Amino acid sequence: MPHVEVQAVLSNQIYHEKYTCPTLRLHPYDDVFVAQTNGDYIAYFSSVRPYKMNKHKRCDGHLVSGYQIGCDFSPHGSMLISGSSDGKMHFYDYKSGRRIHVMECHQEACTDVAFHPVFSSMIATCSWGSNVALWQ
């Protein structure tokens, strides 16, 4: 039987809802991480002990529909973007969690999104159909 050494806590019961979280992203400056859920919303969590979920703030309006949909913070941390199973990209205000813009970007599910680390006006998206697009 092989020996596997694990360096991370696999579960500490911080999320008690019925949805799985296929994507996690750490905020670039605040002690917060977000979890994309299969319940069609992004949940906010504290990244310091006791790792509590913020039950008063979340981003919703995009669709996950069983896909592994990605999300990302802007380099300056003021915006959060998410893909969506309907092929759109959703833009959220980080502080309030409110959706501020929706953009059509793919015919199939938009499975991942990423801000350029230096040029914050540039975003890459990819689709379920293996298409990659750059947006500015």
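Two strands count as paired if DSSP finds at least two bridges between them. On that basis, this predicted model contains an open sheet of four strands in the order 5-6-7-8, with antiparallel pairing. Four strands also form an open sheet in the order 1-2-3-4, and its pairing is antiparallel. The points below describe the sheets, the nonpolar cores, the aromatic pairs and some individual side-chain contacts.

**The sheet of strands 5 to 8**

- The edges of the sheet with the order 5-6-7-8 are taken by strand 5 (71-73) and strand 8 (99-104); each has a single partner strand, so one side of each is left without a neighbour in the sheet.
- From one strand to the next, the twist of this sheet averages 20°.
- Strand 5 and strand 6 are antiparallel and pair over three bridges. Asp72 has Ile81 in strand 6 as its bridge partner.
- A hairpin is formed by strand 5 and strand 6, with five residues between them, and Gly77 in the turn has a positive phi of about 85°.
- Strand 6 (residues 79-82) pairs with strand 7 (residues 88-93) in the antiparallel sense, over four bridges.
- Two positions illustrate the pairing of strand 6 with strand 7: Leu80 has Tyr92 in strand 7 as its bridge partner, and Ile81 stands opposite Phe91 in strand 7.
- The hairpin of strand 6 and strand 7 has five residues between the strands, and Gly87 there takes a positive phi near 90°.

**The sheet of strands 1 to 4**

- In the open sheet with the order 1-2-3-4, strand 1 (23-26) and strand 4 (53-60) are the edge strands, and each pairs on one side only.
- On average, neighbouring strands of this sheet are turned by 25° against each other, direction ignored.
- Strand 2 (residues 32-36) and strand 3 (residues 41-46) run antiparallel and are joined by five bridges. Within this pairing, Phe33 stands opposite Phe45 in strand 3.

**Nonpolar cores**

- The largest nonpolar core has ten residues in all: Val32, Val34, Ile42, Tyr44, Cys59, Cys71, Phe73, Leu80, Tyr92 and Tyr94.
- Strand 2, strand 3 and strand 5 are the elements that give two or more residues to this core.
- A second, separate core has nine residues, among them Ile81, Phe91, Cys110 and Phe115.
- Bridge partners appear in both cores: Leu80 and Tyr92 belong to the largest core, while Ile81 and Phe91, which stand opposite each other, belong to the second.

**Aromatic pairs**

- Four aromatic pairs are found in a search of the whole structure.
- In one of them, the rings of Tyr67 and Trp128 have their centres 5.0 Å apart and their planes at 75°, so this pair is edge-to-face.
- This pair links distant parts of the chain, 61 residues apart: Tyr67 is in the loop between strand 4 and strand 5, and Trp128 is in the loop between strand 10 (123-127) and strand 11 (132-135).
- Tyr67 counts as partly exposed because its relative accessibility is 27%, whereas Trp128 is exposed, with a relative accessible area of 57%.
- Phe73 and Tyr94 also form an edge-to-face aromatic pair, with 5.6 Å from centre to centre and 80° between the planes.
- Phe73 in strand 5 and Tyr94 in the loop between strand 7 and strand 8 are 21 residues apart, and their pair links distant parts of the chain.
- Both Phe73 and Tyr94 are buried. Ring pairs link Tyr44, Phe73 and Tyr94 into a cluster, and these three residues are included in the largest nonpolar core.

**Charges over rings**

- The charged end of Lys57 sits over the ring of Tyr94, 5.0 Å from the ring centre.
- The charged end of Arg58 sits over the ring of Tyr41, 3.9 Å from the ring centre.

**A buried histidine**

- His27 is placed in the loop between strand 1 and strand 2.
- The relative accessibility of His27 is 5%, so this residue counts as buried; the cut-off for buried is under 20%.
- A polar atom of the His27 side chain lies 3.0 Å from the backbone nitrogen of Tyr29.

Notes. Residues numbered from 1 in each chain as written. Predicted model: local features only at pLDDT ≥ 70, side-chain atom pairs only at ≥ 80, totals over all residues. Heavy atoms only, no water. Axes fitted to C-alpha atoms, helices over the stretch in contact; angles between N-to-C directions. Core = buried A, V, L, I, M, F, W, Y, C linked by side-chain atoms within 4.5 Å. Buried < 20%, exposed > 50% of the residue type's maximum accessible area, 1.4 Å probe, protein only. Phe/Tyr/Trp six-rings, centres within 6.5 Å; stacked < 30°, edge-to-face > 60°. Lys NZ or Arg CZ within 6 Å of the ring centre and 35° of its normal. Polar contact = N/O pair within 3.5 Å; in protein donor to acceptor, adjacent residues only side chain to side chain.
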